[in-house]
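Thank you all for coming; I would like to walk you through one structure this morning, going from a few individual residues out to the chain. Please have a look at it on the screen before I begin.

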Amino acid sequence: MIEKNYFTRNEAAKYITERFFPCATTTLAKFVTVGGGPLYKKVGNKRVIYTKIDLNNWAESKISGPLANSSHQ
């Protein structure tokens, strides 16, 4: 099977949800407007695509480091 190099917004939301935490397509769309989301590229004027590396890096950045107990937040 050939590995995908780029993900549509729907595919990106599904990828993050399956591997890290819940992520809606609408959330990714909002991040394109306000910032704070994964890096993306544009195809034409409207279509947004994401790479697996950028999705992984963004999701990993949202996860805390190891915690010994709940008081180390």
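Let me start with the term I will lean on throughout, which is that a residue is called exposed when its relative accessible area is over 50%, buried when that value is under 20%, and partly exposed in between. Please also keep in mind that what you see is a predicted model.

With that cut-off, Glu18 counts as exposed because its relative accessible area is 52%, and Lys14 is exposed as well. Arg19, on the other hand, has a relative accessibility of 47% and is therefore classed as partly exposed.

These three residues belong together, since salt bridges with shared partners join Lys14, Glu18 and Arg19 into one network. Taking the pairs in turn, the closest N and O atoms of Arg19 and Glu18 lie 3.4 Å apart, while in the salt bridge between Lys14 and Glu18 the corresponding distance is 3.9 Å. Lys14 and Glu18 both sit in helix H1, which runs over residues 9–19, and because they are 4 residues apart there, about one helical turn separates them. The count of salt bridges comes to 2.

Let me now move to a residue in a strand. Thr51 is part of strand S3, which covers residues 47–51, and is it buried or exposed? With a relative accessibility of 16%, Thr51 counts as buried, because the limit for that class is under 20%. Its side chain makes a polar contact of 3.0 Å with the side chain of Asp54, and, if we leave aside neighbours within four places in sequence, Thr51 is in contact with Asn5, Tyr6, Phe7 and Lys41.

Stepping back to the chain, we find 3 helices and 3 strands, arranged along the sequence in the pattern β-α-α-β-β-α. The C-alpha trace spans about 50 × 35 × 15 Å along its principal axes, and of the 73 residues in the chain, 22% are buried. Among the contacts with a separation of 6 or more, 48% are between residues 24 or more positions apart.

As for the surface, the accessible area of the chain comes to about 5500 Å², and carbon and sulfur atoms account for 54% of it. Finally, the chain carries 11 positive and 5 negative charges, whose mean positions are 9 Å apart.

Notes: Residues numbered from 1 in each chain as written. Predicted model: local features only at pLDDT ≥ 70, side-chain atom pairs only at ≥ 80, totals over all residues. Heavy atoms only, no water. Buried < 20%, exposed > 50% of the residue type's maximum accessible area, 1.4 Å probe, protein only. Polar contact = N/O pair within 3.5 Å; in protein donor to acceptor, adjacent residues only side chain to side chain. Contact = heavy atoms within 4.5 Å. Salt bridge = Lys/Arg side-chain N within 4 Å of Asp/Glu carboxyl O. Helix = DSSP H or I, 4+ residues; strand = E, 2+ residues; numbered from the N terminus. Areas by Shrake-Rupley, 256 points an atom, 1.4 Å probe, with all protein chains shown as cover. Lys, Arg positive; Asp, Glu negative; His and termini not counted. Charge placed at Lys NZ, Arg CZ, Asp CG, Glu CD.
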